[in-house]
Amino acid sequence: MLAIIGPTAFIDPTEVAALIYFISRGGSVILADDFGSGNNILGLLNAIIGPFLKNIDTFGVPIRGLRIDQSLLMDAQSFHLSPVMPVLRHFPQGTSFPSTYGVRAVVTSYPSAISFLFRDEVTNTTKWVPTFSYGGLPLPSGFAVSTDKSWLEKDIEKAKQGEYYPDEDEWAGVPFSVILPIPIRGELGFGNLLLCSDPSIFINELMTLPGYDNAQLANNLFEWLDYNSTGRIYFDESHLSIAEGRVAYSIIDPFTYVSLYLRVIDTLTMFPLLAPLFPLIAFFMLRATYPKSSPSVSYTHLRAHETVL
């Protein structure tokens, strides 16, 4: 199982291809992101998981893709401290969804929402929407959703300063999805996939906050992802930006330079024209680091009574 929590560094197509291969071999993945680079993954991944999105209960509304909306989800009814920290209390159950055992309230921090790409059969067009409606009623699509007093705030900087109010051009008055399981286990040998629009749910500060069930939720989600009971979780830290306070450490950390070297290799070999030339390119790039041969030294052996003129 692979956990990609809060990626911020760019994720290139070759890495996405490797991720798709991992899923196709039965590996499960959780992607938790709000305003980072998670959509780099979903852009290509949608082409693969599109046929399996029918497993999501949307009352027959055909879904063609998923992405992180990257607006700020606010909830005026259920929150911790302020609406920028919505508390999730509604966990709709779907086919093959994770267990909700022991989960009653989950606190978030500056989350976003999950958007869906669907096709309007009447106009034969596609568009992104963060929620659906059925018979005029809002339809929550996901495993954990906000209340109907929520809205998606576009001005994130003002919201961080405490200035927020739903504007007319913002989605509001409906529940929004924060966690969405995609149960594709067993389909052609694939693993499960889980999308979350708030990586903060899994940080220690919120998982240990009294009165909330973030730790139990994380346990349930990882159990669902680890369907074959491997007991192994791999955390991707290669796409995290260097946090404040870690810059000095990163300079002396040898893995920083190994990571940069591997990224150069990955970038060069992704182009068909450059890939055959990579051994030659690597030779000239590393030539300066090769050990130099010592110059030969000649010694003159003299007898005791001989001198050099």
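Trainee: Hi! I'm starting with helix α2, so to speak. Which strands does it lie across?
Mentor: Helix α2, residues 38-49, lies across β3 and β9. Its direction is at about 165° to β3. Please keep in mind that this is a predicted model.

Trainee: Got it. Which sheet do β3 and β9 belong to, and in what order do the strands come?
Mentor: They are part of an open sheet of 3 strands, in the order β3-β8-β9, with antiparallel pairing. β3 (63-68) and β9 are at the edges with a single partner strand each, so one side of each has no neighbour in the sheet. On average, neighbouring strands here are turned by 20° against each other, direction ignored.

Trainee: How many bridges hold β8 and β9 together?
Mentor: There are 5 bridges between strand β8 (residues 114-120) and strand β9 (residues 125-129), and the two pair in the antiparallel sense.

Trainee: I'd like to find that pairing on screen. Which residue in β9 is opposite Leu-117?
Mentor: Look for Trp-128, which stands opposite Leu-117. You can also pick Asp-120, whose opposite residue in β9 is Thr-125.

Trainee: And the turn between them? How many residues lie between the strands?
Mentor: The hairpin of β8 and β9 has 4 residues between its strands. In that hairpin, Asn-124 takes a positive phi near 60°.

Trainee: Back to α2 for a moment. At what angle does α1 cross it?
Mentor: The axes of helix α1 (residues 13-24) and α2 cross at roughly 45° and come within 10 Å. That angle makes α1 oblique to α2. The crossing of α1 past α2 is right-handed.

Trainee: Which residues make the contact?
Mentor: On the α1 side they are Pro-13, Val-16, Leu-19, Ile-20 and Ile-23. On the α2 side you will find Asn-40, Ile-41, Leu-44, Leu-45 and Ile-48.

Trainee: New topic: aromatics. How many aromatic pairs are there?
Mentor: The count comes to 4 aromatic pairs. Take Trp-151 and Tyr-164: the ring centres are 6.5 Å apart and the planes are at 45°, so this pair is tilted. Trp-151 sits in strand β13 (residues 150-153), while Tyr-164 is in the loop between α3 (156-160) and β14 (177-182), and the two are 13 residues apart.

Trainee: Is Trp-151 buried or exposed?
Mentor: Trp-151 counts as buried because its relative accessibility is 5%, under the 20% cut-off. Tyr-164 has 28% relative accessibility and therefore counts as partly exposed.

Trainee: What kind of pair do Phe-202 and Phe-222 form?
Mentor: Phe-202 and Phe-222 form an edge-to-face pair, at 6.3 Å centre to centre and 70° between the planes. Phe-202 is in the loop between β15 (193-196) and α4 (204-207), and Phe-222 is in helix α5 (residues 214-225), so the pair ties together parts that are 20 residues apart in sequence. Phe-202 is buried at 12% relative accessible area, and Phe-222 counts as buried at 16%.

Trainee: Which residues make up the aromatic cluster?
Mentor: Phe-91, Phe-97 and Phe-143 form one aromatic cluster.

Trainee: I keep clicking on Leu-221. Where is it found?
Mentor: Leu-221 is in helix α5. Leu-221 is buried, with 0% relative accessible area.

Trainee: What does Leu-221 touch?
Mentor: Leaving out residues up to four places away in sequence, Leu-221 touches Pro-98, Phe-143, Ile-179, Leu-194 and Phe-202. Two of those names have come up already: Phe-143 is in the aromatic cluster, and Phe-202 pairs with Phe-222. You can also look at Pro-181, which is 40 residues from Leu-221 in sequence and 8.9 Å away in space, C-alpha to C-alpha.

Trainee: One more sheet, please. Which strands are at the edges of β5-β6-β7?
Mentor: In this open antiparallel sheet of 3 strands, β5 (79-80) and β7 (106-107) are at the edges with a single partner strand each, so one side of each lacks a neighbour in the sheet. Strand β6 (residues 82-88) is joined to β7 by 2 bridges. Leu-88 has Val-106 in β7 as its bridge partner.

Trainee: And the whole protein? How many helices and strands does it have?
Mentor: The secondary structure comes to 8 helices and 16 strands. Of the 309 residues, 42% count as buried. Among contacts between residues at least 6 apart in sequence, 71% join residues at least 24 apart.

Conventions: Residues are numbered from 1 along each chain as its sequence is written. This is a predicted model: local features need pLDDT of at least 70, side-chain atom pairs count only at pLDDT 80 or more; totals for chains, interfaces and linings use all residues. Side-chain values use heavy atoms; hydrogens and water are left out. Two strands pair if DSSP finds at least two bridges between them. Axes are lines fitted to C-alpha atoms, for helices over the stretch in contact, and angles run from 0 to 180 degrees between N-to-C directions. Contact means heavy atoms within 4.5 Å. Rings of Phe, Tyr and Trp (its six-membered ring) pair if their centres lie within 6.5 Å; planes under 30 degrees apart count as stacked, over 60 as edge-to-face and the rest as tilted. Buried means under 20% relative accessible area, exposed over 50%, partly exposed in between (1.4 Å probe, protein chains only). Angles under 35 degrees count as roughly parallel, over 145 as roughly antiparallel, 65 to 115 as roughly perpendicular and the rest as oblique. A crossing is left-handed if the near helix is turned anticlockwise from the far one by less than a right angle, and right-handed if clockwise.
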